[in-house]
Structure formats: structure tokens, C-alpha cells
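Grab a pencil and have a go at these short exercises. Try each task yourself before you read its solution.

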Amino acid sequence: MSTTDAPKKSRETDDVPVPATLRKSLKNRHIQLIALGGAIGTGLFYGSSESIALAGPSILLAYLIGGLAIFMIVRALSEMSVEDPKAGAFSYYATRYWSKRAGFISGWNYWFNYILVSMVELSVVGKFVNYWFPAIPTWVSAAVFLVVICAANLLGVSKFGEFEFWFAIIKIVAVIAMIIGGLAVIIFVLPTASGVRASFANWFTVGNGFFPNGLMGQNSDGSWTGLLMALVVVMFSFGGTELIGITAGETEDPKTTIPRATNDIIWRILVFYIGALGVIMAVVPWNTIDGKSSPFVQIFDSVGIHAAAGILNFVCLTAVMSVYNSGLYANSRMLYSLAKQGNAPAYLGKLNSRGVPVAGVLTSAAITAIAVVVVFVWPEFAFNYLMSIATIAGIINWTMIMLTEMKFRKVVAAGGAPEDSELAGLSGQEALDAIHFKLPFAKVTPWVVLAFLALVVVLMCFSTSYRIAVIAGVIWLAILFAAYQLTQAKK
């Protein structure tokens, strides 16, 4: 059943018995915070140390460049989501406007990507719990959080939205508190733990200036560093921002909410990445950020809040829960969409009376549980190989979004817009001009973004830790192509 068959109610809730269909219960505040929360995770709180070490203060430029690319990717997805809001987003669009094979590859790639991401998040949740309760086995923590998040997703989409809303609030408050605290140190010239006066001038005076490692260079140990190499780390910290498109099929007013949430991505990146890291490097000399502790802990220590490690541990615990909550939601809707396309078993396309694809939720949770067991039994294998696939899967996903957007415009120009869209009956330039939320410079932007993503893949080949991801990506794509051909042959 299409999401367009939903009862026309102004205030639909998950508790009102209506025919089984996806509920449009996500409100504007849910979408805004889901979009914001998707851009803030452990990659910012802990992973920023790696990117700062690679590029120094010029990491701010890397986040700006990568942020613009991600913004255009989400704009491309949102252009389609506003005109044709459906569960499964890019998998549905790839099937509808490209081919069934493209939808199969796009959907299963995204599903498996989030399975692996969820696996890693659940495998580390025990470390955060052990900070306060060292006697609790890590597998117990993983099991408890898996069950709790799974139960929350089964309650209905509005409950998922509420969970994600509050998870995001916690992360946002932590980042804003750090920024305010850091600015206070700078403005009032408060003493710092390093003994170096806090100032934005430190970007240019500490450790060989703003570009300490140049665009790209090689260390004595053979490893590559510099601004370009930092782009690889930066891009993967933005994973999850495309969740906006997944929510379109269950949003009350996608024509208003999706554009607003998408356009706000720019200031989120400016404030929560560039702003936060800019303040950190003004207070804490960038060359003393060695990754042994989070730069957020270091700046809280500089402010005099020595309980910073405990505070950040709580924030990261909620961030991990947020990632798995979003991952399970996205995966269940992706399986639902794949089933509707005929690219997954039909049982995954069934909904309960609350409009929840229960089979999709439970199937994704069960596979994630198995993957977590693999992590605990063979941790080296899991992290070295499975996460390499998850790494490159993000690039594949973004690439397919841009390619699908170009296909979408061709179909719209040919008069093939959705029947329930305002574009129905229009063709040619008239149809393209009538698109509600256009991708800026649509004739050029997709090619620029695709070239940028290709550059990131090339740069990954220079990194020992990421090189395996490129090889795994080629193998992974071959597996997806073979799986599609196999399923078609069986039919």
C-alpha cells in the first residue's frame, strides 16, 4: 500500500486504529532534530582528533568543503523527497526513475551499511557503560540496548521521533556548552591547562601555522597527511545526514519540513563542526590534541570542569543509542520499500496496526545481533573487513543519490512525474521549473559532487587504514550485482 493511501487526518497518532499504512506522524521538530542529530556523533566528539592531527587548523576548510558536498547530496535527495515522499527514499527513487537493478543495489547497500554501523555502535556501548559499572559484561550492555531500541521502534514512528528528538538535544547542549565555555576562556583571557593564551590567533601561530602539513605530504614513516587526506576522515563523519530523505514518507508536511531541515544543514555544519573545532583549537593548541582523550574533554578541563570525561561519556552513550535508533528505523523502512519494489521477501512489506513494518524491525535487529556476536568473537576480522565495507558503502550510497537525481530530472522532463505531484501533466522545461525544491545549479552540481566523491576514493588509496575499503567496495558491488541477477533468475 502506498503512503499516499494514508487517512487524511490533520493529527494522526500511532495509537489511533486506522488501516495498516505508514503514519505521517513525524512533526517539524522531530525532523529538525533528526537531521541535526544525524550530523553529530562520536565522530565529532572523538574522531575529530584524527582529522586535526592530519590537517591542523586547516581542518576547518576540510569540514567546509566536505559539508558543501554533503549539503548538495542531501539537496538532491530532498528534491525528490518533496515531490514524491515515499518510504525507502533513494532505493524507491532509484527503482522508479532509474531501474529495478539500481533500486536493489541502492537499497541493500544502504541496509547492509547501517547493519554494520549499528553492529559497531552496539559493540562499543559496553565500554561507555563500564566507565560507571565496570563489572557489567560488555555483551550484556549490547543486548540490553538492542532490546530497548528495538522495543522503541515497535511502538510507532512518533515514538521513534521522540527518542531521537531527546537524544539530539543532549548532543546539541553538550556542543553548545563547550563552545560557550571556550569563548568565555578566550574573551576573559582565562588561564588554560596548556599555559598558552587562548586566542583565535593560535590557528596561525601554533605548530607551523594554518596549513602545517600543506595540501598533501608524506611523513617519515611513509603515511600521508595534509588537508586532502583529512577530507577522507571528514566525509565519513557526515554519514547519517541523508536520513532526512528516509523520513519523508512519514512526515506530516514534507513540502515545508524537508526543505527547512535540509537548508539548515549548512548552519549546523558551520556551528557544530567548524565553530566547535575552531573554538577548541583556539583554546587548546592543535598540536597537543593527540587522540588519547577527546578534544572536548580537553577544552572542558581548560574551563575547569574536571568531570568532563564523565559528562562526555554520557553524551557519547546517548550518541551511540541515537545512531542505533536511527539505523534500525532506516533499515526497517528500507526493507519495507525493497519489499514493495519486489526486491525483498514480501513479508517485509507488511505493517501492523500502528503503521510499523514489524518484520523489517525484527529482521534488522536479529541480523544486527548476529553481527554483534561476530564482533565479540572475531573483533579483528569484524573491524578490519566488515567496517571497510561500511566505509565504502557510504560513498556508493551518495554516488547513487546523485545519479538518481539526474535520472529523476530526465523522467520529469519527459512528463513522467508522479501522478499525485503538482508536476503531473507537465513536461520539458516547464516541468523542471515547477519542481518545488530544486537542487542548485542542477545541470552542473551532480557532476561536481561525483568528481569530488571520486577524489575521496582516490585519496583513500593513499591511506593504509582506508585502502582496504576501496578493494572491499569493488567486491561488495560485484556481490550486489550477482545477487540481483540470482534473484531475477529465480523469478
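**Exercise 1: How sure is the predictor?**

Find the stretch where pLDDT stays under 50, and look up how the chain does on average.

Solution. Start with the weak spot: residues 1-19 have pLDDT under 50 throughout, and the model gives them 44 contacts beyond four places in sequence. Remember that this is a predicted model. Next, take the chain as a whole: its mean pLDDT is 84, with 90% of residues at 70 or more.

**Exercise 2: Two positive phi angles**

Locate Val 189 and Asn 208, and work out whether each is buried, partly exposed or exposed.

Solution. Step one: Val 189 isn't a glycine, yet its phi is positive, near 50 degrees. Val 189 sits in the loop between helix 8 (157-187) and helix 9 (202-205). Its relative accessibility is 43%, so Val 189 counts as partly exposed.

Step two: Asn 208, also not a glycine, has a positive phi of about 70 degrees. You'll find Asn 208 in the loop between helix 9 and strand 1 (217-218). Because its relative accessibility is 69%, over the 50% cut-off, Asn 208 counts as exposed.

**Exercise 3: A helix crossing**

Describe how helix 6 and helix 7 cross, and say what kinds of residues meet there.

Solution. First, the geometry: the axes of helix 6 (residues 100-130) and helix 7 (residues 138-154) come within 7 Å and cross at roughly 115 degrees. The pair is therefore roughly perpendicular, and the crossing is right-handed.

Now the residues: helix 6 brings Leu 122, Val 125, Gly 126, Lys 127, Val 129 and Asn 130, which meet Thr 138, Ser 141, Ala 142, Phe 145 and Leu 146 of helix 7. Sort them, and you get six nonpolar, four polar and one charged.

Notes:
Residues numbered from 1 in each chain as written. Predicted model: local features only at pLDDT ≥ 70, side-chain atom pairs only at ≥ 80, totals over all residues. Heavy atoms only, no water. pLDDT = per-residue confidence, 0-100. Contact = heavy atoms within 4.5 Å. Helix = DSSP H or I, 4+ residues; strand = E, 2+ residues; numbered from the N terminus. Buried < 20%, exposed > 50% of the residue type's maximum accessible area, 1.4 Å probe, protein only. Axes fitted to C-alpha atoms, helices over the stretch in contact; angles between N-to-C directions. Parallel < 35°, antiparallel > 145°, perpendicular 65-115°, else oblique. Left-handed = near helix turned anticlockwise from the far one by under 90°. Nonpolar A, V, L, I, M, F, W, Y, C, P; charged D, E, K, R; others polar.
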